[in-house]
Amino acid sequence: WGRVLEIGAETRAEEICDVTFENCDIIHVMHPVLDCQNVDYDHVHDIIWRNINVEYDDVIPSPKIQNIDGEIYHNDNPDYFPELIRAEVIYHEEYSKGSTRRGQNSNLTFENIYLTGRQMPLLVFSGYDDKHQTKDVTIKNIYWNGKLVTELNDDQLIKGKFVSNIILNND
């Protein structure tokens, strides 16, 4: 029930770059779909998510970790709807093995993304501090239920404090 097309928390390198996720059909999601979860010291840059089809279910159970055998699942959040995009630079107690070193995200491109679902999902961006940002992000041609998304309000595009230069650009 993890993230779908991800540069993930378990990565640990000086640099991750020149990666393209392209021509993918995602038919069931539980967590962010297009993801850059930078929890260590990587400089993640020049990553492209292009020509991606995402089908959100009408009802999506909220994720929950089973703590004991026999524990019964209860959907504590019936309105749960996973983000489309999450790009962040964060510290994570379990996965940040680089100690105090943090990374950064730059030159991320999300292009020709086709969504089907009951609502427009969130796009969430965050950085860690002034030197460890998420920046220079291009969002181009997102379609929700067949219609081009021409603007995103502050409730749909969530930008943290250390985020800069996010551009919505349509053909």
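These are my notebook entries on one predicted protein model.

**Entry 1: ground rules**

I number residues from 1 along each chain as its sequence is written. The model is predicted, so local features need pLDDT of at least 70 and side-chain atom pairs count only at pLDDT 80 or more, while totals for chains, interfaces and linings use all residues; side-chain values use heavy atoms, with hydrogens and water left out.

**Entry 2: the whole chain**

I started with the secondary structure. How many helices and how many strands are in the protein chain? I found zero helices and 11 strands. Both kinds are DSSP runs numbered from the N terminus, with helices being H or I of at least four residues and strands being E of at least two. Written out along the sequence, the pattern is β-β-β-β-β-β-β-β-β-β-β. The radius of gyration is 16 Å, close to the 16 Å that the globule rule gives for 171 residues, so the chain is as compact as a globular protein of that length. (That radius is taken over C-alpha atoms, and the globule rule is 2.2 Å times the number of residues to the power 0.38.) I also noted the box that the C-alpha atoms fill, roughly 50 × 40 × 30 Å along the principal axes.

Next came burial and surface. Of the 171 residues, 43% count as buried. My cut-offs are under 20% relative accessible area for buried, over 50% for exposed, and partly exposed in between, with a 1.4 Å probe and protein chains only. The accessible surface comes to about 9,300 Å², and 46% of that belongs to carbon and sulfur atoms. These areas come from the Shrake-Rupley method with a 1.4 Å probe, and for residues only the protein chains shown count as cover.

Then I checked contacts, meaning heavy atoms within 4.5 Å. Among contacts with a separation of 6 or more, 81% are between residues 24 or more positions apart.

Charges were my last stop here. I got 15 positive and 30 negative side chains, and the centres of the two sets lie 5 Å apart. Lys and Arg count as positive, Asp and Glu as negative, and His and the chain ends are not counted. Each charge is placed at NZ of Lys, CZ of Arg, CG of Asp or CD of Glu.

**Entry 3: cysteines**

How many disulfides are there? A disulfide is a covalent bond between the sulfur atoms of two cysteines. The rule I used asks for a pair of cysteine sulfur atoms within 2.5 Å. By this rule the count is zero. The sulfur of Cys24 has its closest cysteine sulfur in Cys36, 16 Å off, and that is too far for a bond. Cys36 is in no disulfide either, with the nearest cysteine sulfur, in Cys17, 12 Å away. I also wrote down that Cys36 is buried, at a relative accessible area of 1%.

**Entry 4: Trp49 and Glu111**

Is Trp49 buried or exposed? Trp49 is buried, with a relative accessible area of 0%. I located Trp49 in strand β4, residues 43-55. Leaving aside neighbours within four places in sequence, Trp49 has contacts that include Leu5, Phe21, Cys36, Phe110 and Glu111. Trp49 and Ile139 are 90 residues apart in sequence, but their C-alpha atoms are 9.7 Å apart.

I followed the contact to Glu111, which lies in strand β6, residues 104-116. Glu111 is buried too, at 17%. Besides Trp49, Glu111 touches Arg50, Asn51, Lys140 and Asn141, again without neighbours up to four places away.

**Entry 5: two positive phi angles**

Most residues other than glycine have a negative phi. Asp46 has a positive phi of about 55° although it is not a glycine. Asn51 also has a positive value, near 55°. Asp46 sits in strand β4, and so does Asn51. Asp46 is partly exposed at 31%, and Asn51 is partly exposed at 24%.

**Entry 6: two loop residues**

I found Ile68 in the loop between β4 and β5, the latter being residues 85-89. Ile68 is exposed at 56% relative accessibility. From Ile68 to Ser106 I count 38 residues in sequence and 40 Å in space, C-alpha to C-alpha.

Where is Gly160? Gly160 lies in the loop between β10 (157-159) and β11 (163-168). At 29%, Gly160 is partly exposed. Gly160 touches Phe125 and Ser126, not counting residues up to four places away.
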